[in-house]
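The exercises below are meant to be worked through with the sequence and the model open side by side. Each task is followed by a solution that proceeds in steps.

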Amino acid sequence: MINDFEYFAPKTLKEALTLLDQYREECKIIAGGQSLLIMMRQGLIKPNYLIDIHGISELNYIKTDFKKGLRVGALTTHRAIEKSPAIKKSFSVLAEMENRLASIQTRNWGSIGGNLCHGDPAGDPAPLLIALNATLTIAGIHGERNMLVEDFFLDYFETVLEHGELLSEIQVPTIPPNTGVAYTKFNVIESDMATVGVAVSITLTSKGGHCEDLRIALANSAPKPMRAKKAEELLRGKKITDDLLKEAGEVASTEADPISDIHASTEYRQELLKVLVRRVGKEALSIAKKP
Amino acid sequence: MVKKELRLTVNGQPYELYVKPKTLLVEVLRNDLGLTGTKRSCESSSCGVCTVILNGMAVKSCSILALQVDGGEVVTVEGLAHGDALHPLQRAFLDYGAYQCGFCTAGMLTSAKAFLDENPNPTEGDMREAIDGNICRCTGYNSILRAMTAVVNGEYREEK
């Protein structure tokens, strides 16, 4: 049963921050509530005050700029990102990821910021945003702070957000030339969460086609979204071959620390990672090679 | 806990009521408004039987607080028909036997309606995706897709 709580629905960011500052650890933020209400129903979260930020329109936007890249307000719904022509054009991998996130119903109401703040390591957006080298802005009553999406997560369902703070914006830099980015997840039911997910970004040198830069980020493979840095090191600076990608998959699978749960065992997830890192790496590489 | 005012329009009818903040949209629809066509089942956003159309979008009414919908427009399965004239999707569901036990049907219909309103000329893949948030444990998906296809192909017109 959901506990009783007092409810506020601020209409501006400033109002929300004032309320958050006032109620601090006694309150919880609800955006779409697609994850939060499940946890409240299970009695895992019992706030005395609920601050509903869903109606704050100033945090709901998609802005693209050829030079600066993409800026997405934290309250933008998954469905809006999935359907945005600007995102489909310049960040199609992001739209494709959103298209496979949960069901249409959940995407219609749930927001990208809510997904990140929930801190579920099985979430789809985080690994892809990490591969895209995305940053985010956290707002508090006394000002803002910015950080890499990669540094936002601390542990299972835990982020760096302090009491009184909320996530306000996500920024994705323009994808550099000769770069391929791909994401996929393994799941049994299409609208389900990732058993594991893998995002890879590869940038090739303009001459020679060596791997100049890359990121490999994994979903549901550790207590938080993680980068497979040893696997990255194996590929960095090299001419990427199928054999190297296979090896990278094996390395990533040993770096990861996935749990066993009702969906899959640790061993099964590790096997999946071997295959998916190789497969997604290959896809990113082929996109990077396209003229 | 102090009740709060909630105004919403359901199936074209405006309502003004007072609800506890923890009340879910599905609870308002079923308990306060008596619209029991919308079902409750998994309560964890997984099964889709509670799907309703909110401001033109399919959403799961078990996973939204009623107060979050303040000022919104909701269409439930009861709102699909015009009086005795069933919605084309409803007639197609009947003709194609697109239900067995019927428990998922309200959610299937509302998901299908929201989807076809947005995309009247979908591919079969699009239609499969449109109902992938709705689980039918009788596994009658093929007949549901056949019914949707018949509507898309214009075999059923709106009766006014």
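**Exercise 1: Two residues with positive phi**

At 38% relative accessibility, A:Phe157 counts as partly exposed; the model in which this value was computed is a predicted one.

Task: Determine where A:Phe157 lies and what is notable about its phi, and then do likewise for A:Asn178.

Solution. Begin with the location: A:Phe157 lies in the loop that joins β8 (153-155) to β9 (158-159) of chain A. Its backbone there has a positive phi of about 55°, although A:Phe157 is not a glycine. Turning to A:Asn178, one finds this residue in the loop between β10 (166-172) and β11 of chain A, and here too phi is positive, at about 55°, in a residue that is not a glycine. With 33% relative accessibility, which falls between the cut-offs of 20% and 50%, A:Asn178 counts as partly exposed.

**Exercise 2: The sheet that includes β11(A)**

Task: Establish the order of the strands in the open sheet that contains β11 of chain A, and state which strands stand at its edges.

Solution. The sheet is open and is formed by 4 strands of chain A in the order β11-β12-β13-β14, with antiparallel pairing. It follows that β11 (179-186) and β14 (226-227) of chain A are the edge strands, because each has a single partner strand and one side of each is therefore left without a neighbour in the sheet. For β11(A), the partner is β12 (residues 196-204) of chain A, to which 8 bridges join it in an antiparallel arrangement; within this pair, A:Thr179 stands opposite A:Thr203 of β12(A). Finally, helix α11 (residues 266-289) of chain A lies across β11, β12 and β13 (211-219) of that chain, running at about 30° to β12(A).

**Exercise 3: A helix pair in chain B**

Task: Describe how α2 and α5 of chain B pack, and classify the residues that make the contact.

Solution. Helix α2 (residues 88-95) and helix α5 (residues 141-152) of chain B pack at an angle of about 135°, with their axes 8 Å apart. Since angles count as roughly antiparallel only over 145 degrees, α2(B) and α5(B) are therefore oblique to each other, and their crossing is right-handed. The contact is made by B:Pro88, B:Leu89, B:Ala92 and B:Phe93 from α2(B), together with B:Ile144, B:Ala147, B:Met148 and B:Val151 from α5(B). Classified by type, these residues comprise 8 nonpolar, no polar and no charged.

Note on methods:
Residues numbered from 1 in each chain as written. Chains lettered and ligands numbered in written order. Predicted model: local features only at pLDDT ≥ 70, side-chain atom pairs only at ≥ 80, totals over all residues. Heavy atoms only, no water. Pairing = 2+ DSSP bridges. Helix = DSSP H or I, 4+ residues; strand = E, 2+ residues; numbered from the N terminus. Contact = heavy atoms within 4.5 Å. Axes fitted to C-alpha atoms, helices over the stretch in contact; angles between N-to-C directions. Parallel < 35°, antiparallel > 145°, perpendicular 65-115°, else oblique. Left-handed = near helix turned anticlockwise from the far one by under 90°. Nonpolar A, V, L, I, M, F, W, Y, C, P; charged D, E, K, R; others polar. Buried < 20%, exposed > 50% of the residue type's maximum accessible area, 1.4 Å probe, protein only.
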